[in-house]
Amino acid sequence: MPRYILNNSKSIMCVLGESTERIVMNKTDLIAKISDKSQLTKKDSEKALNAFVEAVTEAVAADDKVQLIGFGTFERRRREKRSGRDPRSGKPIEIPASNTPAFKAGKAFKDAVNSK
């Protein structure tokens with residue numbers, strides 16, 4: 001029987017089996033972690049994080065790849081137009097072509113995630 005748990009970020013998640021709480025790190029938590037690890041102020045850490053996000057967003061929007069060796073690669077991928085179904089009516093629809101951002105994890109990042 002599924003159980004619903006309220007976690008630290010006030011969102012609800014469904015947990016099957018044993019009761020385990022997942023912690024979701026939000027932007028404020030990430031800024032605090034960056035501040036602790038880099039010994040920068042929280043204000044400077046926020047500026048650095050915002051600059052990073054802005055730089056990656058601009059590069060990917062311009063169809064450039066951002067590759068951080070060991071961490072991963074941010075890039076833009078093209079989705080061709082395709083057929084789909086309207087979930088309400090069940091009628092076939094055409095989904096237009098679009099670009100989507102993508103992230104591919106690097107080896108060191110994958111290894112760190114799998115070692116725990």
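# Reading a fold, starting from F71

Guide: Let's begin with one residue: F71 counts as partly exposed, because its relative accessibility is 35%. Keep in mind as we go that this is a predicted model.

Visitor: How should I read that label?

Guide: Compare the percentage with two cut-offs: under 20% is buried, over 50% is exposed, and partly exposed is in between. F103 is another case, also partly exposed because its relative accessibility is 35%.

Visitor: How many aromatic pairs does a search of the whole structure find?

Guide: Five aromatic pairs turn up. Take F71 and F103: their ring centres are 5.5 Å apart and their planes meet at 50°, so this pair is tilted. F71 sits in the loop between β3 and β4 (72–79), while F103 belongs to strand β7 (residues 98–105), so the pair ties together parts 32 residues apart in sequence.

Visitor: Which residues form one aromatic cluster?

Guide: F52, F71, F74, F103 and F109 make up that cluster. Hold on to F74, as we'll meet it again in a moment.

Visitor: Let me step back, then. How many helices and strands does the chain have?

Guide: There are three helices and seven strands. Going along the sequence, you read them off as β-β-α-α-β-β-β-β-β-α. Of the 116 residues in the chain, 16% are buried. The accessible surface comes to about 9700 Å², with 54% of that belonging to carbon and sulfur atoms.

Visitor: What about contacts between parts of the chain that are far apart in sequence?

Guide: Start with contacts between residues at least 6 apart in sequence; among those, 20% join residues at least 24 apart.

Visitor: What is the idea behind looking for a nonpolar core?

Guide: In soluble globular proteins, nonpolar side chains tend to be buried together. Here, the largest nonpolar core has five residues, namely V56, A59, V60, V66 and F74. Helix α2 (residues 42–61) supplies the largest share, three residues. And here is F74 again: beyond its neighbours within four places in sequence, F74 contacts F52, V56, V60, D64, K65, V66, L68, A102 and F103.

Visitor: Can polar residues be buried too? Let's try S45: is S45 buried or exposed?

Guide: S45 counts as buried, because its relative accessibility is 0%. It is found in helix α2, and its side chain reaches the backbone nitrogen of S35 at 3.4 Å. Apart from neighbours within four places in sequence, S45 is in contact with I31, I34, S35, S38 and L40. As for I34, its C-alpha atom is separated from that of S45 by 6.1 Å, though the two residues are 11 apart along the chain.

Visitor: And E75: is E75 buried or exposed?

Guide: E75 has 15% relative accessibility, so it counts as buried. You'll find E75 in strand β4, where a polar contact of 3.0 Å joins its side chain to that of R77. Leaving out neighbours within four places in sequence, the contacts of E75 are V60, D64, K65, T100, P101 and A102.

Visitor: How do I check that a helix has the length it should?

Guide: Work out an expected span and set it beside the distance between the end C-alpha atoms. For α1, 12 residues at 1.5 Å a residue should span 16 Å, and the end C-alpha atoms are 16 Å apart, which agrees.

Visitor: Which residue caps the N-terminal end of α1?

Guide: That's N26: one of its side-chain oxygens lies 3.1 Å from the backbone nitrogen of T28. After α1 comes Q39, with a positive phi near 60°.

Visitor: What should I look for with a positive phi?

Guide: Check whether the residue is a glycine. Q39 is a residue other than glycine, and its phi is positive all the same. Q39 lies in the loop between α1 (27–38) and α2, and it counts as exposed because its relative accessibility is 74%. D63 is another such case, not a glycine but with a positive phi of about 70°.

Visitor: Where does D63 lie?

Guide: D63 is in the loop between α2 and β3 (66–68). With 46% relative accessibility, D63 counts as partly exposed, whereas Q39 counts as exposed.

Note on methods. Residues are numbered from 1 along each chain as its sequence is written. This is a predicted model: local features need pLDDT of at least 70, side-chain atom pairs count only at pLDDT 80 or more; totals for chains, interfaces and linings use all residues. Side-chain values use heavy atoms; hydrogens and water are left out. A nonpolar core is a set of buried Ala, Val, Leu, Ile, Met, Phe, Trp, Tyr and Cys residues joined through side-chain atoms within 4.5 Å. Buried means under 20% relative accessible area, exposed over 50%, partly exposed in between (1.4 Å probe, protein chains only). Helices (H or I, at least four residues) and strands (E, at least two) are DSSP runs, numbered from the N terminus. Contact means heavy atoms within 4.5 Å. Rings of Phe, Tyr and Trp (its six-membered ring) pair if their centres lie within 6.5 Å; planes under 30 degrees apart count as stacked, over 60 as edge-to-face and the rest as tilted. Accessible areas come from the Shrake-Rupley method with a 1.4 Å probe; for residues, only the protein chains shown count as cover. A polar contact is a pair of N or O atoms within 3.5 Å; within protein, one must be able to donate a hydrogen and the other to accept it, and residues adjacent in sequence count only if both atoms are side-chain atoms. The expected span of a helix is 1.5 Å times one less than its number of residues.
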